[in-house]
Amino acid sequence: MSGIIRDAGPDDLPRILEITNHAILTGTALWTITPATLETRGAWMAERRAAGHPVLVVVEEGAVQGFGSYGAFRPHDGYRHTVEHSLYVDPAAQRRGHGQAMLSALIAHATQAGLHAMVGGIAAENTASIALHERFGFTAAARLPEVGAKFGRWLDLVFMHRLLGAGPAPTAPHRPGEPA
Ligand SMILES: CC(C)(COP(=O)(O)OP(=O)(O)OC[C@H]1O[C@@H](n2cnc3c(N)ncnc32)[C@H](O)[C@@H]1OP(=O)(O)O)[C@@H](O)C(=O)NCCC(=O)NCCS
(Lines give C-alpha, C1' and ligand atoms only; values in the text may rest on other atoms or scores of the structure.)
Protein backbone atom coordinates (compact mmCIF):
# COMPACT_ATOMS: atom_id res chain seq x y z
CA MET A 1 0.00 0.00 0.00
CA SER A 2 1.34 3.46 -0.71
CA GLY A 3 0.27 6.86 0.47
CA ILE A 4 -0.05 10.28 -1.06
CA ILE A 5 2.72 12.81 -0.56
CA ARG A 6 1.69 16.44 -0.12
CA ASP A 7 2.99 19.65 1.41
CA ALA A 8 2.46 19.83 5.15
CA GLY A 9 0.35 22.56 6.69
CA PRO A 10 -0.24 23.81 10.23
CA ASP A 11 -3.06 21.28 10.70
CA ASP A 12 -0.51 18.48 10.31
CA LEU A 13 1.62 19.69 13.23
CA PRO A 14 -0.05 17.54 15.92
CA ARG A 15 0.70 14.32 13.97
CA ILE A 16 4.20 15.52 13.09
CA LEU A 17 4.73 16.21 16.79
CA GLU A 18 3.44 12.78 17.77
CA ILE A 19 5.72 10.98 15.30
CA THR A 20 8.69 13.18 16.29
CA ASN A 21 8.24 12.58 20.00
CA HIS A 22 7.90 8.84 19.56
CA ALA A 23 11.23 8.87 17.72
CA ILE A 24 12.81 11.04 20.43
CA LEU A 25 11.59 8.92 23.33
CA THR A 26 12.15 5.45 21.91
CA GLY A 27 14.92 5.49 19.30
CA THR A 28 18.22 6.89 18.16
CA ALA A 29 17.09 8.60 14.95
CA LEU A 30 17.02 11.90 16.86
CA TRP A 31 19.84 12.51 19.32
CA THR A 32 17.94 14.27 22.04
CA ILE A 33 15.80 13.21 24.97
CA THR A 34 13.91 16.51 25.11
CA PRO A 35 10.41 16.16 23.63
CA ALA A 36 9.40 18.66 20.97
CA THR A 37 6.34 20.86 21.42
CA LEU A 38 3.77 22.24 19.01
CA GLU A 39 5.59 25.56 19.29
CA THR A 40 9.04 24.17 18.42
CA ARG A 41 7.68 22.06 15.55
CA GLY A 42 5.67 25.04 14.30
CA ALA A 43 8.75 27.26 14.37
CA TRP A 44 10.74 24.59 12.53
CA MET A 45 8.08 24.32 9.82
CA ALA A 46 7.88 28.11 9.44
CA GLU A 47 11.68 28.36 9.20
CA ARG A 48 11.85 25.68 6.51
CA ARG A 49 9.05 27.36 4.56
CA ALA A 50 10.67 30.79 4.79
CA ALA A 51 13.88 29.32 3.35
CA GLY A 52 11.94 27.75 0.45
CA HIS A 53 12.54 24.24 1.74
CA PRO A 54 9.87 21.53 1.74
CA VAL A 55 8.05 19.96 4.63
CA LEU A 56 6.12 17.00 3.21
CA VAL A 57 3.73 14.49 4.73
CA VAL A 58 2.67 11.06 3.55
CA VAL A 59 -1.03 10.44 3.96
CA GLU A 60 -2.76 7.07 3.90
CA GLU A 61 -6.48 6.58 4.46
CA GLY A 62 -6.83 10.22 5.48
CA ALA A 63 -4.19 10.08 8.22
CA VAL A 64 -0.63 11.46 8.22
CA GLN A 65 1.68 8.46 8.53
CA GLY A 66 5.00 10.19 8.18
CA PHE A 67 6.84 13.34 7.25
CA GLY A 68 10.06 14.45 5.62
CA SER A 69 11.98 17.62 5.03
CA TYR A 70 15.32 19.09 4.11
CA GLY A 71 17.21 22.20 5.07
CA ALA A 72 20.65 23.76 4.90
CA PHE A 73 23.46 21.25 5.41
CA ARG A 74 25.77 23.78 7.07
CA PRO A 75 25.37 27.53 7.59
CA HIS A 76 28.06 29.08 5.36
CA ASP A 77 27.05 30.10 1.83
CA GLY A 78 29.56 27.76 0.23
CA TYR A 79 27.26 24.91 1.24
CA ARG A 80 24.22 26.43 -0.47
CA HIS A 81 24.00 23.70 -3.14
CA THR A 82 23.77 20.96 -0.50
CA VAL A 83 20.92 20.04 1.82
CA GLU A 84 20.48 17.67 4.74
CA HIS A 85 17.22 15.74 4.85
CA SER A 86 15.31 13.64 7.34
CA LEU A 87 12.20 11.47 7.25
CA TYR A 88 10.07 9.69 9.81
CA VAL A 89 7.30 7.14 9.45
CA ASP A 90 4.91 6.18 12.24
CA PRO A 91 6.05 2.77 13.56
CA ALA A 92 2.55 1.38 12.97
CA ALA A 93 2.82 2.28 9.27
CA GLN A 94 6.42 1.27 8.60
CA ARG A 95 7.49 -1.20 5.92
CA ARG A 96 4.58 -0.23 3.69
CA GLY A 97 6.59 1.88 1.24
CA HIS A 98 6.04 5.28 2.87
CA GLY A 99 9.75 5.80 3.53
CA GLN A 100 10.55 5.07 -0.11
CA ALA A 101 7.83 7.40 -1.34
CA MET A 102 9.01 10.19 0.95
CA LEU A 103 12.70 9.85 0.09
CA SER A 104 11.86 9.76 -3.59
CA ALA A 105 9.78 12.95 -3.21
CA LEU A 106 12.56 14.74 -1.33
CA ILE A 107 15.12 13.79 -4.01
CA ALA A 108 12.75 14.98 -6.75
CA HIS A 109 12.11 18.26 -4.93
CA ALA A 110 15.82 18.92 -4.40
CA THR A 111 16.64 18.03 -8.00
CA GLN A 112 13.95 20.35 -9.31
CA ALA A 113 15.23 23.09 -7.00
CA GLY A 114 18.61 22.82 -8.78
CA LEU A 115 20.44 21.53 -5.72
CA HIS A 116 23.60 19.49 -6.18
CA ALA A 117 23.95 17.16 -3.20
CA MET A 118 21.93 15.61 -0.40
CA VAL A 119 23.27 14.36 2.91
CA GLY A 120 21.54 12.31 5.59
CA GLY A 121 23.10 12.04 9.04
CA ILE A 122 22.07 8.60 10.31
CA ALA A 123 22.89 6.60 13.43
CA ALA A 124 25.11 3.71 12.34
CA GLU A 125 22.81 1.31 14.18
CA ASN A 126 19.81 2.48 12.10
CA THR A 127 20.08 -0.32 9.56
CA ALA A 128 16.56 0.36 8.24
CA SER A 129 17.37 3.92 7.22
CA ILE A 130 20.79 3.00 5.85
CA ALA A 131 19.24 0.23 3.72
CA LEU A 132 16.55 2.61 2.49
CA HIS A 133 19.15 5.22 1.51
CA GLU A 134 21.34 2.67 -0.26
CA ARG A 135 18.34 1.71 -2.40
CA PHE A 136 18.19 5.32 -3.57
CA GLY A 137 21.85 5.57 -4.50
CA PHE A 138 23.20 7.11 -1.31
CA THR A 139 26.58 5.88 -0.16
CA ALA A 140 28.07 5.92 3.32
CA ALA A 141 30.61 8.68 2.74
CA ALA A 142 31.81 8.98 6.32
CA ARG A 143 31.40 7.31 9.67
CA LEU A 144 32.18 9.38 12.75
CA PRO A 145 32.70 7.09 15.75
CA GLU A 146 31.12 7.99 19.10
CA VAL A 147 30.18 11.58 18.25
CA GLY A 148 26.78 11.15 19.93
CA ALA A 149 25.35 9.62 23.07
CA LYS A 150 21.87 8.49 24.06
CA PHE A 151 20.40 5.91 26.42
CA GLY A 152 23.79 5.52 28.10
CA ARG A 153 25.78 4.49 25.04
CA TRP A 154 27.95 6.11 22.40
CA LEU A 155 26.53 6.51 18.92
CA ASP A 156 28.36 6.57 15.59
CA LEU A 157 27.09 8.95 12.91
CA VAL A 158 27.06 7.86 9.26
CA PHE A 159 26.80 10.54 6.61
CA MET A 160 24.93 9.09 3.62
CA HIS A 161 25.60 11.15 0.49
CA ARG A 162 24.13 11.42 -3.00
CA LEU A 163 24.71 13.80 -5.88
CA LEU A 164 21.66 15.03 -7.81
CA GLY A 165 22.04 14.82 -11.55
CA ALA A 166 24.11 17.36 -13.40
CA GLY A 167 22.51 20.45 -11.89
CA PRO A 168 23.82 23.93 -12.59
CA ALA A 169 27.53 24.70 -12.36
CA PRO A 170 28.44 26.34 -9.08
CA THR A 171 28.37 30.11 -9.21
CA ALA A 172 31.89 31.30 -8.47
CA PRO A 173 33.27 33.31 -6.95
CA HIS A 174 30.42 34.05 -4.57
CA ARG A 175 30.79 37.42 -2.90
CA PRO A 176 28.66 38.77 -0.06
CA GLY A 177 25.65 40.60 -1.45
CA GLU A 178 25.74 38.83 -4.80
CA PRO A 179 22.86 36.56 -5.75
CA ALA A 180 23.61 32.86 -5.30
C1 LIG B 1 13.71 4.52 8.09
C2 LIG B 1 12.20 4.65 7.85
C3 LIG B 1 11.89 6.08 7.46
C4 LIG B 1 11.80 3.70 6.72
O5 LIG B 1 10.42 3.93 6.46
P6 LIG B 1 9.46 2.75 5.94
O7 LIG B 1 8.18 3.37 5.51
O8 LIG B 1 9.37 1.69 6.94
O9 LIG B 1 10.30 2.23 4.70
P10 LIG B 1 9.76 1.45 3.41
O11 LIG B 1 8.59 0.59 3.76
O12 LIG B 1 9.56 2.44 2.31
O13 LIG B 1 11.01 0.54 3.10
C14 LIG B 1 11.86 0.80 2.01
C15 LIG B 1 13.10 -0.04 2.12
O16 LIG B 1 13.92 0.42 3.21
C17 LIG B 1 14.55 -0.73 3.80
N18 LIG B 1 14.01 -0.95 5.15
C19 LIG B 1 12.98 -0.30 5.72
N20 LIG B 1 12.79 -0.74 6.98
C21 LIG B 1 13.72 -1.70 7.19
C22 LIG B 1 14.05 -2.51 8.29
N23 LIG B 1 13.37 -2.43 9.44
N24 LIG B 1 15.11 -3.35 8.18
C25 LIG B 1 15.81 -3.42 7.03
N26 LIG B 1 15.54 -2.67 5.94
C27 LIG B 1 14.52 -1.82 6.03
C28 LIG B 1 14.21 -1.91 2.91
O29 LIG B 1 15.17 -1.93 1.87
C30 LIG B 1 12.86 -1.50 2.40
O31 LIG B 1 12.49 -2.14 1.24
P32 LIG B 1 11.68 -3.54 1.31
O33 LIG B 1 10.52 -3.33 2.25
O34 LIG B 1 11.26 -3.76 -0.10
O35 LIG B 1 12.67 -4.55 1.82
C36 LIG B 1 11.43 4.22 9.12
O37 LIG B 1 11.92 2.98 9.56
C38 LIG B 1 11.49 5.20 10.26
O39 LIG B 1 10.77 6.20 10.27
N40 LIG B 1 12.34 4.95 11.24
C41 LIG B 1 12.46 5.79 12.42
C42 LIG B 1 12.98 7.17 12.10
C43 LIG B 1 14.23 7.11 11.27
O44 LIG B 1 15.09 6.27 11.49
N45 LIG B 1 14.34 8.02 10.32
C46 LIG B 1 15.49 8.15 9.45
C47 LIG B 1 16.48 9.07 10.08
S48 LIG B 1 17.45 9.82 8.78
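**Exercises on the ligand site and its pocket**

The largest pocket of this predicted model holds about 1,300 Å³ of space.

**Exercise 1.** Determine which residues lie closest to the centre of the largest pocket, and which elements line it.

Solution. Step one is the lining itself: 42 residues line the largest pocket, and Ala29, Leu87, Tyr88, Asn126 and Ser129 are the closest to its centre. Step two assigns the lining to elements. Two or more residues come from each of helix H1 (13-26), helix H2 (38-50), E4, H3, strand E5 (117-123) and H4. H4 supplies the largest share of this lining, seven residues. Step three sorts the lining by class, giving 18 nonpolar, 17 polar and seven charged residues.

**Exercise 2.** Locate the ligand relative to the pockets, then describe the shell around the ligand.

Solution. The ligand takes up the space of the largest pocket. Its shell consists of 18 residues, with Val89, Arg95, Gly99, Asn126 and Arg135 the closest. Next, map the shell onto the elements: strand E4 (82-89), helix H3 (98-112) and helix H4 (127-135) each contribute at least two residues. Five residues come from H4, which gives the most to this shell. By class, the shell divides into eight nonpolar, seven polar and three charged residues.

**Exercise 3.** Find which backbone atoms make polar contacts with oxygen atoms of the ligand, using a cut-off of 3.5 Å between N or O atoms, and state how much of the ligand area the protein buries.

Solution. Take the residues in sequence order.

- Valine 89: a backbone N or O atom is 2.8 Å from a ligand oxygen atom.
- Arginine 95: the distance from a backbone N or O atom to an oxygen atom of the ligand is 2.7 Å.
- Arginine 96: a backbone N or O atom and a ligand oxygen atom are 3.2 Å apart.

Each pair is to be compared with the limit: 2.8 Å for valine 89, 2.7 Å for arginine 95 and 3.2 Å for arginine 96 are within 3.5 Å. The area comes last: the ligand taken alone exposes 910 Å², of which the protein buries 78%.

Key: Residues are numbered from 1 along each chain as its sequence is written. This is a predicted model: local features need pLDDT of at least 70, side-chain atom pairs count only at pLDDT 80 or more; totals for chains, interfaces and linings use all residues. Side-chain values use heavy atoms; hydrogens and water are left out. A residue is near a molecule or strand if one of its heavy atoms lies within 4 Å of it. A polar contact is a pair of N or O atoms within 3.5 Å; within protein, one must be able to donate a hydrogen and the other to accept it, and residues adjacent in sequence count only if both atoms are side-chain atoms. Accessible areas come from the Shrake-Rupley method with a 1.4 Å probe; for residues, only the protein chains shown count as cover. On a 1 Å grid over the protein atoms alone, a cavity is a set of points where a 1.4 Å probe fits but cannot get out, and a pocket is an open set with protein on both sides within 12 Å along at least five of seven lines; lining residues have an atom within 4 Å of a point. A molecule sits in a cavity or pocket if more than half of its atoms lie within 2 Å of its grid points. Helices (H or I, at least four residues) and strands (E, at least two) are DSSP runs, numbered from the N terminus. Ala, Val, Leu, Ile, Met, Phe, Trp, Tyr, Cys and Pro count as nonpolar, Asp, Glu, Lys and Arg as charged, and the others, Gly among them, as polar. Grid points are joined across faces, edges and corners, and a volume is the space filled by probe spheres set on the points.
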